[in-house]
Amino acid sequence: MNLVTTEANLPGVESESWSAEEVLEWGLAQFQPRIALASAFGAEGMVLIDMGLRLHGGIRVFTLDTGFFFPETYELIDRIEKHYGIAVERYYPALTPDAQARAFGDGLWSRDPDLCCRLRKVEPLKRALKGLRAWVTAIRRDQTRARAASPKVGWDGEYGLVKLNPLADWTHEQVWAYVRRHNVPYNPLHDRNYPSIGCTHCTRPVQPGEDLRAGRWPGLAKTECGLHVRTVTAPQVAG
Ligand code: SF4
């Protein structure tokens, strides 16, 4: 049953006190099947896939396959599908890697990573969100400055649907405690000093003492791919 249709009837600020399970439970009860988790299968995304299965027998999962995932990530997707009995929905860029190189030259990610992310992530995201009434992300507030104010339940005005961030207030340690407690499958690159994993061209392992996202777009000021930087309206205090 779909009870929430607009920004006006989102839950109140009490949703900020909800646990991750409660946020997910609320979203699934309201919007299933027009709700889906966006994931590149980092540890946080794996937690939510596992949680969705425990709560509701599953959650739709989609990924924005840039064509530049690590082989370990593609292998993990296959493993997830078998382990959880789900079919990951895959959205691809309009241009193949070769077509992008013909149109924009080789190595666009090193010359204009914002354009590369727009072509390979943001545009496919728009297609993925079509027809949905809510999307779920695995972002945590302490990952980047752009994510610091992310509400657990908000209205995504850019795309016109509800955005749920059930792990907004989780720490890195909480994520890994859940993974170990529930024996959740994860990307083996995490054990090789890749705490955050994106495209091969833009991800390197981190050194001891470095920020957990220091391996993303190394050498550039860029910290976000453009999927989570839009303003999301948080619930308001009534009255
Ligand atoms: S992360 Fe790098 S390779 Fe991947 S889409 Fe963005 S700029 Fe391109």
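Trainee: Where does the ligand sit in this model?

Mentor: Start with the empty space inside the protein. In this predicted model, the ligand sits in the largest cavity.

Trainee: Which residues are around the ligand?

Mentor: Look for residues with a heavy atom within 4 Å of the molecule. Here they are Phe68, Trp109, Pro113, Cys116, Cys117, Arg120, Lys121, Cys199, Cys202 and Trp217.

Trainee: How do the residues of that shell divide by class?

Mentor: Sort them into nonpolar, polar and charged. The shell has eight nonpolar residues, no polar ones and two charged ones.

Trainee: Which helix gives the largest share of the shell?

Mentor: Trace each residue back to its element. Helix α6, residues 113-129, supplies five residues, the largest share.

Trainee: Now the helix pairs. At what angle do α1 and α2 cross?

Mentor: Compare the two axes. Helix α1 spans residues 20-31, and helix α2 spans residues 43-56. Their axes come within 10 Å and cross at roughly 60 degrees. The crossing is right-handed.

Trainee: Which residues make the contact?

Mentor: List each side in turn. From α1 come Ala20, Glu21, Leu24, Glu25, Leu28 and Ala29. From α2 come Leu48, Met51, Gly52, Leu55 and His56. By class, this contact has seven nonpolar, two polar and two charged residues.

Trainee: Which residues does a cis peptide bond join?

Mentor: Check the omega angle. Gln32 and Pro33 are joined by a cis peptide bond, with omega about 10 degrees. Pro33 lies in the loop between α1 and β1 (35-38).

Trainee: What is the phi of Phe41?

Mentor: Check the sign as well as the value. Phe41 is not a glycine, yet its phi is positive, about 70 degrees. Phe41 is in the loop between β1 and α2.

How values were computed: Residues are numbered from 1 along each chain as its sequence is written. This is a predicted model: local features need pLDDT of at least 70, side-chain atom pairs count only at pLDDT 80 or more; totals for chains, interfaces and linings use all residues. Side-chain values use heavy atoms; hydrogens and water are left out. On a 1 Å grid over the protein atoms alone, a cavity is a set of points where a 1.4 Å probe fits but cannot get out, and a pocket is an open set with protein on both sides within 12 Å along at least five of seven lines; lining residues have an atom within 4 Å of a point. A molecule sits in a cavity or pocket if more than half of its atoms lie within 2 Å of its grid points. Helices (H or I, at least four residues) and strands (E, at least two) are DSSP runs, numbered from the N terminus. Ala, Val, Leu, Ile, Met, Phe, Trp, Tyr, Cys and Pro count as nonpolar, Asp, Glu, Lys and Arg as charged, and the others, Gly among them, as polar. Axes are lines fitted to C-alpha atoms, for helices over the stretch in contact, and angles run from 0 to 180 degrees between N-to-C directions. A crossing is left-handed if the near helix is turned anticlockwise from the far one by less than a right angle, and right-handed if clockwise. Contact means heavy atoms within 4.5 Å.
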